[in-house]
Amino acid sequence: MAKKGKAVEIIALACSECNRRNYTTKKNRRLQGKLQLRKYCPFDRKHTLHVETRVK
């Protein structure tokens, strides 16, 4: 049987330069710290650092 409770949550990745939420992904809640990835920002037209934020 599956465990009760959710170990995976849906997060949004916001660009650190323009602060727009460009991507959504899943993250294990047990991991510590905020997720930071270098992703392509279509508004800036370059790769920038994207930081984890909450999904509205």
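What follows is a walk through the fold of this chain, from overall dimensions to strand pairing and a handful of individual residues.

The model is a predicted one. In terms of secondary structure it's an all-strand affair, with 0 helices and 4 strands, and reading along the sequence simply gives β-β-β-β. The chain is not quite the ball one might sketch for its length: a compact globule of 56 residues would come in near 10 Å for the radius of gyration, while this chain has 13 Å. The box around the C-alpha atoms tells its own story, at roughly 45 × 20 × 15 Å along the principal axes.

Burial and surface come next. Of the 56 residues, 18% count as buried. The accessible surface adds up to about 4,900 Å², and carbon and sulfur atoms own 49% of that. On the charge side, there are 16 positive side chains against 4 negative ones, with the centres of the two sets 8 Å apart. As for how the chain talks to itself, 36% of the contacts with a separation of 6 or more are between residues 24 or more positions apart.

Now for the strand pairing. Strand β1 (residues 8-15) and strand β2 (residues 21-28) run antiparallel and are joined by 7 bridges. Within that pair, Leu13 sits opposite Tyr23 of β2. β1 also has β4 as an antiparallel partner, this time through 4 bridges, and one example is Ala12, whose bridge partner in β4 is Thr53. β4 in turn pairs with β3, again in the antiparallel sense, over 6 bridges; there, Lys39 stands opposite Thr48 of β4. Put together, β1 pairs with β2 and with β4, and β4 pairs with β3 as well. As a general matter, side chains in a regular strand alternate between the two faces of the sheet.

Two of these pairings are hairpins, and each has a backbone quirk in its turn. The β1 and β2 hairpin leaves 5 residues between its strands, and the β3 and β4 hairpin leaves 4. In the β1–β2 loop, Asn19 has a phi near 60°, which is positive despite the residue not being glycine. In the loop between β3 and β4, Arg45 does likewise, with a positive phi near 60° in a residue other than glycine. Both are worth a second look, given that most residues other than glycine have a negative phi. Asn19 counts as exposed because its relative accessibility is 59%, over the 50% cut-off. Arg45 clears that cut-off too, so at 70% relative accessibility it is also exposed.

Cys18 shares the loop between β1 and β2. At 23% relative accessibility, Cys18 is partly exposed, since buried would need a value under 20%. Setting aside residues up to four places away in sequence, Cys18 touches Cys41 and Asp44. The C-alpha atoms of Cys18 and His50 are separated by 10.0 Å, with their positions 32 residues apart along the chain.

His50 turns up again in the surroundings of Leu35, which is placed in the loop between β2 and β3 (36-41). Beyond its neighbours within four places in sequence, Leu35 is in contact with Ile11, Leu13, Thr25, His50, Val51 and Glu52. Even with that list of partners, Leu35 is not buried: its relative accessibility is 27%, so it falls in the partly exposed class, between 20% and 50%. For a sense of spacing, the C-alpha atoms of Leu35 and Ala12 are 9.9 Å apart, and the two residues are 23 apart along the chain.

Towards the end of the chain, Val55 lies in the segment after β4 (46-53). Val55 contacts Ile10, Ile11 and Ala12 once its neighbours within four places are left out, so Ile11 is a contact of Val55 and also of Leu35. With a relative accessible area of 42%, Val55 is partly exposed, because that value is under the 50% needed to count as exposed. The C-alpha atoms of Val55 and Leu31 are separated by 18 Å, the two residues being 24 apart along the chain.

Conventions:
Residues numbered from 1 in each chain as written. Predicted model: local features only at pLDDT ≥ 70, side-chain atom pairs only at ≥ 80, totals over all residues. Heavy atoms only, no water. Helix = DSSP H or I, 4+ residues; strand = E, 2+ residues; numbered from the N terminus. Rg over C-alpha atoms; globule rule 2.2 N^0.38 Å. Buried < 20%, exposed > 50% of the residue type's maximum accessible area, 1.4 Å probe, protein only. Contact = heavy atoms within 4.5 Å. Areas by Shrake-Rupley, 256 points an atom, 1.4 Å probe, with all protein chains shown as cover. Lys, Arg positive; Asp, Glu negative; His and termini not counted. Charge placed at Lys NZ, Arg CZ, Asp CG, Glu CD. Pairing = 2+ DSSP bridges.
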